Amino acid sequence: MSADALQTGLWPYLLVIAFGFLPSEVWRVLAVFLSRGFDERAEVFAWVRAVATTLVAGVVAKILFAPAGALAAVPLLWRLGALALGIGAFFLARRSVMAGVVAGEAALIGAAWWMTGAPP
Amino acid sequence: MDPREPSTRALVLRGVRDALALPAWVVGLSLFAVGSLAGESGFPAGAAVLSTLLIWAGPAQVIFFGGIASGAALPGIALAVGLSSIRLLPMTISMLPMLRERAKGAPLQILVAHYVTVTVWVEALRRLPALPPEERLPYYLGFANACLGTCAVTTYLGYALVGALPLPLAAGLLFLTPTFFTLSLTAGARGASDWLAIGSGFALAPLSTALVGKDIDLLLTGLVGGTAAYFLGKLQRGAA
């Protein structure tokens with residue numbers, strides 16, 4: 001598909017709807033009909049929650065272990081170290097997510113700066 | 001109605017405020033990255049913003065724009081987008097019952113389900129149980145719409161600013177998603193099953209990529225790790 005075709009008329013919008021929105025949204029709509037009649041405390045939700053939590057942790061691990069783009073310029077040990085620092089700061093600051101994010105980000109950006117020699 | 005109960009408007013605004021305190025910006029930054037990807041794929045800015053409003057799932061949008069930029073066939077892109085969004089099914093199923101007190105009909109539940117994305121799900125699971133059931137829906141809609149609105153703006157900014165950031169800041173941008181989700185899961189973890197799920201996700205993800213490749217590795221990680229975490233958590237609850 002040429003870049004020209006993507007800039008003309010309604011095509012790009014239709015592509016987003018047909019090949020991006022619909023295949024993604026179908027799961028949300030299906031969930032509405034599958035979750036009917038279930039109680040919030042039903043045992044199956046404890047399992048569903050565990051699966052969904054594992055999925056999110058899995059996505060996070062994939063980004064950390066095999067990152068794309070600029071993050072790949074920072075070595076794995078530094079990425080894990082910055083995350084560990086963020087977790088440490090989270091607990092030290094009485095479980096503040098904000099404090100953990102700021103500490104982890106500062107460590108990673110500092111490391112990336114030091115590795116590449118480019119000022120942020 | 002009890003006059004001491006907060007009004008719907010106050011609840012919506014509380015949701016907006018909590019979202020803008022941090023989560024909306026974190027997911028906003030990841031969609032800033034999606035916007036810059038879309039900017040490089042040849043799509044108009046309006047289509048990039050529309051993808052955020054409609055698809056509303058970062059990984060699916062990355063697959064969509066990345067796939068088109070790499071010249072992949074459209075049906076293949078749609079299948080990959082669908083696979084990456086399967087995770088929205090268990091998330092939505094586990095979250096809807098918390099909002100059912102006021103979201104009774106199918107149209108309203110479909111609207112509620114549309115906002116489900118990793119950030120909104122993690123935050124809803126952490127915040128909604130603390131609210132009385134009748135206060136949850138307005139709070140949730142305020143929270144979710146603040147996230148969506150912020151992201152529509154950042155998608156456009158990412159599109160407009162593509163390539164302008166120096167490497168350390170770009171790396172920091174990409175690091176935001178793993179850091180925030182790790183801490184958010186940690187903050188929301190209740191009981192052995194949650195901790196086991198977090199641990200097994202981290203441990204199994206690289207393993208299953210090596211085993212089955214990058215198309216269905218997440219699915220395998222979630223099903224195997226999540227089921228194990230559920231049963232071990234149940235055993236632990238039984239023993240306690």
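What follows is a chat between a trainee and a mentor about a predicted model with chains A and B.

Trainee: Let's start with chain A. How many helices and strands does its secondary structure come to?

Mentor: From the N terminus on, the elements of chain A run α-α-α-α-α. So you won't find a strand to trace here, as the tally is five helices and zero strands.

Trainee: Where in chain A is the confidence lowest, and where is it highest?

Mentor: Over the whole of chain A the pLDDT averages 85, and 88% of the residues score at least 70. Where pLDDT is low, the predicted coordinates should not be read in detail. In chain A, the low end is helix H1 (residues 3–6), at a mean of 57, and the high end, at 96, is helix H4 (residues 76–92).

Trainee: Is helix H3 of chain A largely enclosed or not, and how many of its residues are buried?

Mentor: H3(A) has 23 residues and reaches 33 Å from its first C-alpha to its last, close to the 33 Å expected. For chain A as a whole, 44% of the 120 residues count as buried. H3(A) is largely enclosed by the rest of the structure, because the buried residues number 19 of the 23.

Trainee: Which helix gives the most to the largest nonpolar core?

Mentor: That core has 117 residues, and those with the most contacts inside it include Val56(A), Leu108(A) and Cys147(B). The top contributor, with 14 residues, is helix H3 (residues 43–65) of chain A.

Trainee: Which residues is Cys147(B) in contact with, leaving aside its neighbours within four places in sequence?

Mentor: Cys147(B) is one of the residues with the most contacts inside the largest nonpolar core. With those sequence neighbours set aside, the partners of Cys147(B) are Ala19(B), Pro23(B), Ala24(B), Val27(B), Thr119(B) and Val120(B).

Trainee: Now the two chains together. Which helix gives the most to the side of chain B that touches chain A?

Mentor: Across the two chains, 81 residues of chain B are in contact with 71 residues of chain A. On chain B's side, these split into 55 nonpolar, 24 polar and two charged. The biggest share, 20 residues, comes from helix H10 (residues 167–188) of chain B.

Trainee: What covers the buried residues of helix H3 of chain B?

Mentor: The buried residues of H3(B), residues 45–54, are Ala47(B), Ala48(B), Val49(B), Leu50(B), Ser51(B) and Thr52(B). After H3(B) comes Trp56(B), with a positive phi near 50°. The cover draws on both chains, including helix H2 (11–34) of chain A, plus helix H2 (23–41), helix H4 (58–69) and helix H9 (133–161) of chain B.

Trainee: How many residues of domain 1 of chain B are in contact with domain 2 of chain B?

Mentor: Chain B is divided into domain 1 (8–188) and domain 2 (191–240). Their centres, taken over C-alpha atoms, are separated by 24 Å. On the domain 1 side, the touching residues are three nonpolar, no polar and one charged. Against four residues of domain 2, the count for domain 1 is four.

Trainee: Last one: is Leu235(B) buried or exposed?

Mentor: You'll find Leu235(B) in helix H12 (residues 217–239) of chain B. Its C-alpha is 9.6 Å from that of Ala192(B), 43 residues apart along the chain. Counting around Leu235(B) gives 12 other C-beta atoms within 10 Å, and 12 or fewer is the cut-off, so Leu235(B) is exposed.

Methods
Residues are numbered from 1 along each chain as its sequence is written. Chains are lettered from A and ligands numbered from 1 in the order in which they are written. This is a predicted model: local features need pLDDT of at least 70, side-chain atom pairs count only at pLDDT 80 or more; totals for chains, interfaces and linings use all residues. Two residues are in contact if their C-beta atoms, placed from the backbone, lie within 7 Å. Helices (H or I, at least four residues) and strands (E, at least two) are DSSP runs, numbered from the N terminus. Ala, Val, Leu, Ile, Met, Phe, Trp, Tyr, Cys and Pro count as nonpolar, Asp, Glu, Lys and Arg as charged, and the others, Gly among them, as polar. A residue is buried if 20 or more other C-beta atoms lie within 10 Å of its own, exposed if 12 or fewer, and partly exposed in between; C-beta atoms are placed from the backbone. pLDDT is the predictor's confidence in each residue, from 0 to 100. Domain bounds come from an automatic or database domain assignment. A nonpolar core is a set of buried Ala, Val, Leu, Ile, Met, Phe, Trp, Tyr and Cys residues joined through C-beta atoms within 7 Å. The expected span of a helix is 1.5 Å times one less than its number of residues.
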